[in-house]
Amino acid sequence: MHIMPFDPAHLRLLVLQDAQSWMEPMLAKEDYGQYLKDAGPCFTAEHDGRVLVCSGLVNVWENRAQAWALMSADAGRHFVRIFRAIRSFLDLQDIRRIEATVDADFEQGHRLMKMLGFRLETPEPMRAYMPDGRDCHLYGLCIVTGK
């Protein structure tokens, strides 16, 4: 697996996992990839020319960011290496708080957040959070304070 700086063109090479297929219209927008690149640090992981994951942070304000990760349908076979790449990326960040939202019904996403050290902050889901009305949970990770 090869880790490289994120390039907006990587989104066109990403075949999303089923749980994130609702994002396909966003990925097709010409400026969405550039938005992600400009919004904060980000990276791409690929294997044998296939994009496995694009991930990064959207800076909200000083010392607070929103994490994002778009994973391919092939990501599962490379999960350990992807996990390590995301963990290493997070370890390099000098930011106090990172948040992430996970679809209420996406068990693998919840498992990943917990493995990465994020804490569930909304035991009750945030109702109608997603564009299509699905519920989500909020996770938080405080890096600098270790909380």
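Which residue in β7 is the bridge partner of E99? The points below take that up and then move outward. The model is predicted.

1. Start with the opening question. The bridge partner of E99 is G140, in β7. Strand β5 covers residues 97-103. Seven bridges join β5 to β7, and the two strands run antiparallel.

2. Strand β7 has a second neighbour in β6, residues 119-120. Two bridges link β6 to β7, again antiparallel. Here R119 stands opposite G140. G140 therefore appears in both pairings: with E99 and with R119.

3. Is β7 enclosed or open? Seven of the seven residues of β7, 136-142, are buried, so the strand is largely enclosed by the rest of the structure.

4. Look at the two sides of β7. In a regular strand the side chains alternate between the two faces of the sheet. C136, L138, G140 and C142 point one way from β7. H137, Y139 and L141 point the other way. All of these residues are buried.

5. Next, the nonpolar interior. The largest nonpolar core has 25 residues. Those with the most contacts inside this core are M71, I82, I86, L90, M113, L116 and F118. Several elements build the core: β2, β3, β4, α4, β5, α5 and β7 each supply at least two residues. Helix α4 gives the largest share, six residues.

6. M113 is worth a closer look. Which residues does M113 touch, not counting those up to four places away in sequence? They are A100, V102, F118 and Y139. Y139 is one of the β7 residues on the side shared with H137 and L141.

7. Another core lies apart from the largest one. This other core has 15 residues, among them L16, L36, V58 and L70.

8. Now the aromatic rings. A search of the whole structure finds four aromatic pairs. One of them joins F43 and F89. Their ring centres are 5.1 Å apart, with 45° between the planes, and the pair is tilted. F43 lies in strand β2 (residues 42-47) and F89 in helix α4 (residues 79-91), so the pair ties together parts that are 46 residues apart in sequence. Both F43 and F89 are buried.

9. Finally, a charge and a ring. What sits over the ring of W61? The charged end of R64 does, 4.4 Å from the ring centre.

Key:
Residues numbered from 1 in each chain as written. Predicted model: local features only at pLDDT ≥ 70, side-chain atom pairs only at ≥ 80, totals over all residues. Heavy atoms only, no water. Phe/Tyr/Trp six-rings, centres within 6.5 Å; stacked < 30°, edge-to-face > 60°. Helix = DSSP H or I, 4+ residues; strand = E, 2+ residues; numbered from the N terminus. Buried < 20%, exposed > 50% of the residue type's maximum accessible area, 1.4 Å probe, protein only. Lys NZ or Arg CZ within 6 Å of the ring centre and 35° of its normal. Pairing = 2+ DSSP bridges. Core = buried A, V, L, I, M, F, W, Y, C linked by side-chain atoms within 4.5 Å. Contact = heavy atoms within 4.5 Å.
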